[in-house]
Amino acid sequence: MSTTVQVDPPVQIVSTPPHTPGRAEVLGQAVLPVVLSIVASGVLLAILGRDPFTFYGDVLHNGLLTGFGLQQSIVRVATLLLIAGGLIVAFRANLWNLGGDGQWLLAAAFVAGLAPRLVDAVGRTPGLALMLVLGCVIGAAWTVVPAFLKAVYGVNEIIATLMMNFIGINLANILVKGPFLTDLPGVPRTNILPLAQRLPLIGSSQVHVGIVIAVAMMLLIHFGMTRTPLGLRLRVLGANPRAAVHLGLRPKRLTFVAFAASGALIGLSAAVSMLGDWGSFRADFNPAYGFLMVPLVFLARMNALGTMALVAVFAVIQIGGDSATRQADLPADFVLVLVGLLLFFMAITEYYRLRRERRLDLATTAPAGGATRGAIR
Amino acid sequence: MNDLLTEPVLTALIASALLAMAPLLFAALGESVSEQAGVLNVGLEGMMLFGAYAGFNGALYLHSSWLGLLCGALGGVLASLVMVILCVRMRLDQIVVGVALFLFAEGVTSLLHGAQFGHEYPRIDHTGEVDVPLLHDIPVVGKSFFHQHPIVYVGIALAFAIRWMLRRTSIGLSLRAAGEAPAALDAAGVDVTRTRTAAVMACGALAGIGGAYLSIVGAGSFTPMMTQGAGFMAIVLAMLARGKVLWVITMSFLFGVSLSISTALQLAGITISTDVIQMLPYVTVIVVLILFARRSYLPSALALPYFRGER
């Protein structure tokens with residue numbers, strides 16, 4: 001009796017590179033969440049009895065299409081971009097710097113408090129340059145305690161930075177109401193830096209050179225993160241701290257460096273904002289940019305170039321939304337709703353993107369089916 | 001200094017400390033439960049805001065502080081569903097979603113309040129405080145501790161109940177395993193996702209009650225962004241307590257004292273600026289961290305999404 005044994009045809013093992021998205025796909029993934037969030041908040045607006053089209057028209061118009069609005073948006077981009085840069089440097093090293101607000105406000109208080117007298121004394125250019133440096137120093141200094149606690153004792157930096165955050169906010173107020181208080185009547189604030197002594201403007205516009213500083217810094221960060229040894233060390237530390245130790249990198253020192261750089265950039269943002277835009281620091285002023293930039297940076301996947309685009313969109317929404325909400329008789333916080341929705345939809349799009357990539361990877365590798373590991377975050 | 005220890009000052013101090021403590025206690029309990037199960041809930045403040053708004057509306061329209069608190073709990077649960085869907089089920093990054101939830105909650109509650117009441121801020125009159133019959137007459141402690149809205153006593157009892165649950169029941173064990181070694185829990189046949197879902201929803205409910213307490217009992221009305229960092233304080237509280245409920249209770253009380261000490265000081269004639277007072281709890285934490293720097297123990301699988309079958 002003969003038996004026939006069924007033998008499956010030999011399995012073809014094909015090795016293909018993982019699915020890399022094309023340009024159109026990446027753009028689509030970036031644009032889709034924006035569209036979805038605009039639609040969703042439009043629905044919310046309609047429920048509240050406002051016309052979404054007028055509202056968004058106003059946002060675009062006031063934020064982008066008027067000369068004044070566009071320049072305001074560019075000025076806002078400068079501030080936000082530097083903060084985002086500071087967060088990228090920390091997050092890439094897997095250090096959760098949630099103390100951005102405290103660092104920003106404290107640096108702003110110092111810069112706004114000391115600038116008028118100093119710039120008067122030493123002249124415009126050296127004075128402004130010194131103040132920019134001071135901003136960096138204060139911001140970096142405020143990260144030393146969390147960096148130390150994390151590097152030496154392994155204390156969770158979420159706790160440490162959050163604590164320093166609130167201490168910094170209150171300390172800034174104490175400084176403004178105390179040593180830096182102006183003699184002028186009215187709301188407690190620092191002395192106002194005269195317009196003539198602020199950061200120089202670009203050409204005949206209302207935009208100050210802060211935007212140049214910000215873009216230069218972002219390019220520097222991009223270059224630094226992707227093409228220098230230090231950047232590589234920070235990224236390795238972020239991806240796999242144990243491997244970092246084995247490779248001979250020094251996590252403690254890198255922690256200090258990353259935190260200091262992060263704080264310095266955030267402090268620089270505050271300095272730029274005070275010296276170019278506001279000219280004075282008012283007590284109890286807290287725009288909470290530090291928090292707003294956290295999810296934004298994440299969803300730009302901590303890529304410097306992507307962040308620039310996202311920050312630009314966000315600045316337009318903020319500036320345009322500020323006046324549009326007033327015109328629609330809504331509280332200004334509606335912009336937060338838009339931002340929140342934007343972030344949710346981006347997170348969801350990201351999820352589906354990852355799922356699709358996993359499926360595509362599984363489909364194109366050996367049917368013996370390697371377990372595809374989740375991407376290292 | 002003698003002025004500080006007089007009866008009215010102490011009474012005021014304890015009373016306002018308990019008032020400040022209650023929302024922190026509830027929120028920190030919720031966060032503890034969530035963290036023990038492995039979900040770091042940075043959006044706690046957002047859940048408190050949802051609870052504050054829902055609770056205020058509930059108390060306003062249903063004319064009862066208890067129903068208001070219940071509405072607050074439901075509001076918190078609603079907010080927590082976002083974390084459940086995006087973090088526990090879709091396994092997105094917990095910190096990013098948490099911050100987004102916080103920002104979104106600020107915006108939505110402010111928006112809804114503005115649409116509902118315009119620029120008015122209606123108040124609730126009957127805040128529901130009761131006097132415990134005999135104990136109320138004890139000096140100092142009686143008029144402060146035993147003259148609170150009953151939810152405060154419920155909260156303290158709840159804390160002990162949660163402590164018992166975490167330490168001595170199998171549900172508590174499953175919760176802690178979900179945070180410590182989810183793969184082991186999975187191998188034991190318990191659904192990790194469902195456990196974490198329950199933990200996050202419980203966190204939402206507790207945070208919602210905490211927020212509702214703020215708006216119903218604490219302030220009597222809802223103002224946008226009224227939580228003022230209480231949620232973040234609770235997160236830090238929960239992290240420091242490392243899952244030990246007794247520490248949560250003690251620290252909530254201490255934080256409550258330091259938050260409310262300004263009123264007592266004013267009564268005693270000492271004026272310190274509010275900014276300094278507000279800094280105190282945070283400074284205390286940092287000092288404690290520096291002096292007693294130990295590894296703050298958090299469950300090993302905290303903030304890591306659980307992928308079944310992955311090594």
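Okay, a definition before anything else: a salt bridge here is a side-chain nitrogen of Lys or Arg within 4 Å of a carboxyl oxygen of Asp or Glu. Keep that in mind, because by this rule the interface of chain B and chain A comes out with zero salt bridges. And yes, this is a predicted model, so everything I say today is about a prediction.

How confident is the predictor, then? For the complex, the ipTM is 0.75 and the pTM is 0.81. Chain B has an average pLDDT of 82, and 84% of its residues score at least 70.

Let's stay on that interface. Chain B puts 47 residues into the contact and chain A puts in 46. Between them the two chains bury about 4300 Å², and 81% of that is on carbon and sulfur atoms. Which parts of chain B make up the side that touches chain A? Four helices each supply at least two residues there: α3 (65-89), α4 (94-117), α10 (230-241) and α12 (274-291). Of the elements in chain B, α4 gives the most, with 16 residues. By residue type, that side of chain B splits into 33 nonpolar, seven polar and seven charged. As for polar contacts between chain B and chain A, counting pairs with both residues at pLDDT 80 or more, the number of residue pairs is zero.

Now zoom in on one residue of that helix. B:Ser110 sits in α4 of chain B. Is B:Ser110 buried or exposed? Its relative accessible area is 3%, so B:Ser110 is buried. Setting aside neighbours within four places in sequence, B:Ser110 is in contact with A:Pro331 and A:Asp333 from the other chain, plus B:Pro224 from its own.

Over on chain A, have a look at A:Asp329. You'll find A:Asp329 in the loop between α13 (304-327) and α14 (334-364) of chain A. With the same neighbours-within-four exclusion, A:Asp329 is in contact with A:Arg50 and B:His119. Even with those contacts listed, A:Asp329 has 53% relative accessibility, and the cut-off for exposed is over 50%, so A:Asp329 counts as exposed. If you want a sense of distance, take A:His222: that residue is 107 residues from A:Asp329 along the chain, and their C-alpha atoms are separated by 41 Å.

Chain B as a whole, quickly. Chain B has twelve helices and two strands. Walk along the sequence and the pattern reads α-α-α-α-β-α-β-α-α-α-α-α-α-α. Chain B has 311 residues, and 57% of them count as buried. If you take the contacts in chain B between residues at least 6 apart in sequence, 77% of those join residues at least 24 apart.

Back to salt bridges. How many does the structure hold over all chains? Four, and I'll go through three from chain A.

One of them joins A:Lys150 and A:Glu157, with the closest N and O atoms 3.0 Å apart. On the A:Lys150 side, relative accessibility is 27%, so that residue counts as partly exposed. A:Glu157 is at 3%, so A:Glu157 counts as buried.

Another joins the side chains of A:Asp322 and A:Arg326, at 3.8 Å from N to O. These two are four residues apart in helix α13 of chain A, which means about one helical turn separates them. A:Asp322 is partly exposed at 39%, and A:Arg326 counts as exposed at 61%.

Then there's A:Arg353 with A:Glu357, the closest N and O atoms being 2.9 Å apart. Both lie in helix α14 of chain A, four residues apart, about one turn of the helix. Here A:Arg353 is buried, with a relative accessible area of 12%, and A:Glu357 counts as buried too, at 19%.

Last stop, backbone angles. Most residues other than glycine have a negative phi. Here are two with a positive value. A:Asn94 is not a glycine, and its phi is near 60 degrees. A:Asn94 is in the loop between α3 (67-92) and α4 (100-122) of chain A, and at 36% relative accessibility it counts as partly exposed. On chain B, B:His63 has a positive phi of about 55 degrees. B:His63 is in the loop between α2 (44-62) and α3 of chain B, and it counts as exposed, at 70% relative accessibility.

Technical notes
Residues are numbered from 1 along each chain as its sequence is written. Chains are lettered from A and ligands numbered from 1 in the order in which they are written. Side-chain values use heavy atoms; hydrogens and water are left out. Contact means heavy atoms within 4.5 Å. Buried area is the accessible area (1.4 Å probe) that two parts lose on being put together, summed over both. A polar contact is a pair of N or O atoms within 3.5 Å; within protein, one must be able to donate a hydrogen and the other to accept it, and residues adjacent in sequence count only if both atoms are side-chain atoms. Ala, Val, Leu, Ile, Met, Phe, Trp, Tyr, Cys and Pro count as nonpolar, Asp, Glu, Lys and Arg as charged, and the others, Gly among them, as polar. pLDDT is the predictor's confidence in each residue, from 0 to 100. Buried means under 20% relative accessible area, exposed over 50%, partly exposed in between (1.4 Å probe, protein chains only).
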